[in-house]
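Please open the model in your viewer and keep the sequence panel visible. The tour proceeds by selections, each followed by a description of what is found there.

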Amino acid sequence: KKRNPDEKEFLQATREIFDSLRPVFSKHPEYIANGILERITEPERIIIFRVAWEDDQGKVHVNRGFRVQFNSDLGPYKGGIRFHPSVNSSIMKFLAFEQIFKNALTGQPIGAGKGGSDFDPKGKSDREIMRFTQSFTTELSKHIGPDVDVPAGDIGVGRREIGYMFGQYNRLKGGYEAGVFTGKDPNHGGSLGRKEATGYGTVYFVEEMLKEKGLSFEGTTVVVSGSGNVSTYAIEKAMQLGAKVVACSDSNGYIYDENGIDLETLKQLKEVENKRISEYLKFHPEAKYVENCSEIWTIPCDIALPCATQNELDEIAAQILIANGVKAIGEGANMPCTLEAMAAFQENKVLFAPAKAANAGGVAVSAMEMSQNSMRLSWTVEEVDERLQGVMKNIYNSCLDAAERFGEPGNLVMGANIAGFLKVADAMVAHGLS
Ligand code: NDP
């Protein structure tokens with residue numbers, strides 16, 4: 001706290017981890033002796049840089065770029081790039097910190113990083129996005145590489161932006177390094193199934209959690225916040241498993257369609273035309289639009305999947321969901337529930353799938369993209385999906401097992417934090433002080 005007084009998101013993420021680790025330290029004082037807590041909360045490196053670019057009118061703009069290289073004890077730094085006006089050091093550090101435990105949970109050889117810029121892609125032309133992204137990559141390229149640091153997408157960064165970064169990186173390096181970015185177009189070096197992986201993975205994880213209690217998605221009513229990459233594919237998979245998804249949102253408001261959201265309309269609006277979610281009503285006038293995205297949690301549902309952004313679901317929203325009889329929460333976004341909201345769900349015995357575990361499917365398939373790039377081959381979408389299901393099942397079982405071993409059976413928040421921590425902490429001890 002003393003070292004990072006203004007970094008509220010980062011402090012929130014570290015507090016959750018510290019709270020979970022108490023039983024670990026009383027059983028294993030060697031971690032304290034090795035200074036693991038102090039070391040694991042200090043990034044190995046933070047790169048902050050100027051990004052100057054020119055808009056279509058020839059006006060010069062300057063944004064700030066970041067890459068937080070937090071921990072490389074399990075492999076090359078790995079984590080997405082976010083373009084959003086709210087990006088700052090605290091948000092970058094919390095995201096990179098969460099990535100340490102998430103990546104460890106996947107069981108794959110990947111370290112943790114995160115990056116981005118306070119650039120706002122909304123309303124920018126394709127050429128402006130390209131010029132900004134190229135300028136951003138010119139500096140980023142000095143710090144990344146297939147065995148060093150492998151960025152991917154996040155909020156505001158999808159296939160198009162990854163394509164521009166990949167092109168600029170190879171141009172600057174004078175070669176073709178397929179494994180330097182993940183989330184690439186499958187026609188140009190990407191993995192099939194990556195686009196769907198985070199949303200699908202979240203639903204697979206929640207499915208495991210429900211199964212344990214004799215429940216399933218079949219016949220349930222589901223609310224999903226956001227309408228971006230994670231949300232779209234969480235909606236798709238929940239529907240495939242027999243749920244009715246009645247609402248989704250963007251940062252302006254939410255739509256409610258009591259017949260169930262029409263996924264084709266949603267994809268056309270968001271993935272093809274880049275429109276606002278309110279436009280859904282043009283095609284489905286019977287649906288309802290409310291100009292306040294946080295009110296989405298007032299809709300009664302069995303399962304809520306927050307898939308938009310950090311701290312989007314607070315204690316008040318949690319109490320409303322509980323009063324309306326919610327049975328399970330699956331965090332598709334990173335840290336979407338505040339600490340108070342999470343506590344309220346746990347106190348009221350609502351099943352809770354924490355982000356670190358539940359949304360790890362995206363990075364897991366990114367690591368599979370790295371493997372395919374190294375082997376110079378590509379797996380079928382069925383093969384990737386089967387592996388993704390296996391990874392999500394394993395993550396679920398390691399969370400369950402860690403919670404049980406450390407005296408909190410069924411507490412997946414604790415289980416995820418402990419299982420991820422042990423994997424990284426052991427590697428840090430084995431690699432000596434640094
Ligand atoms: P996208 O940019 O594709 O979509 C983000 C969605 O969230 C949009 O609908 C956006 O609305 C909404 N949103 C963004 N900021 C806010 C805000 N402040 N308040 C309300 N709504 C907001 O991003 P992703 O789907 O890729 O990412 C969503 C979340 O999932 C993030 O927390 C990300 O870190 C996490 N995540 C993503 C992974 C991936 O593979 N993409 C992997 C693991 C986690 P609008 O268009 O109005 O901005």
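**First selection: a buried leucine**

Select Leu-105: this residue counts as buried because 28 other C-beta atoms lie within 10 Å of its own, where 20 or more are required. Please bear in mind throughout that the model is predicted. Leu-105 belongs to helix α4. Now add Cys-399 to the selection. Although the two positions lie 294 residues apart in chain numbering terms, being that far apart along the chain, the C-alpha atoms of Leu-105 and Cys-399 are separated by 8.6 Å. Which residues does Leu-105 touch, not counting those up to four places away in sequence? They are Lys-356, Ala-357, Ala-360, Ile-395, Ser-398, Ala-416, Ala-419 and Gly-420.

**Second selection: the sheet and its helix**

Next, display the five strands that form an open sheet in the order β1-β2-β4-β3-β5. The pairing in this sheet is mixed. Colour β1 (45–54) and β5 (149–152): they stand at the edges, and each has a single partner strand, so one side of each is left without a neighbour in the sheet. From one strand to the next, the twist averages 20°.

Within the sheet, select β2 (residues 60–71) together with β4 (residues 112–117). These strands pair in the antiparallel sense, over six bridges. Label Phe-66, and opposite this residue you will find Gly-116 in β4. Then show helix α4 (residues 89–105), which packs on the sheet and touches β2, β3 (77–83) and β4. The direction of helix α4 makes about 150° with that of β4.

**Third selection: the two domains**

Colour residues 42–185 as domain 1 and residues 195–353 as domain 2, following the domain assignment of the protein chain. The centres of the two domains, taken over C-alpha atoms, are separated by 27 Å. How many residues of each domain are in contact with the other? Five residues of domain 1 meet five residues of domain 2. On the side of domain 1 that touches domain 2, three residues are nonpolar, one is polar and one is charged.

**Final selection: the ligand**

Finally, select the ligand and the 24 residues that surround it. The closest are Gly-228, Ser-251, Ala-308, Ala-333 and Gly-362. By class, the shell around the ligand holds six nonpolar, 15 polar and three charged residues. Domain 1 and domain 2 each supply at least three residues of this shell. Highlight helix α8 (residues 229–240) as well: the largest share of the shell, three residues, comes from this helix.

Notes:
Residues numbered from 1 in each chain as written. Predicted model: local features only at pLDDT ≥ 70, side-chain atom pairs only at ≥ 80, totals over all residues. Domains from an automatic or database assignment. Contact = placed C-beta atoms within 7 Å. Nonpolar A, V, L, I, M, F, W, Y, C, P; charged D, E, K, R; others polar. Pairing = 2+ DSSP bridges. Helix = DSSP H or I, 4+ residues; strand = E, 2+ residues; numbered from the N terminus. Axes fitted to C-alpha atoms, helices over the stretch in contact; angles between N-to-C directions. Near = placed C-beta within 6 Å. Buried ≥ 20, exposed ≤ 12 C-beta atoms within 10 Å, placed from the backbone.
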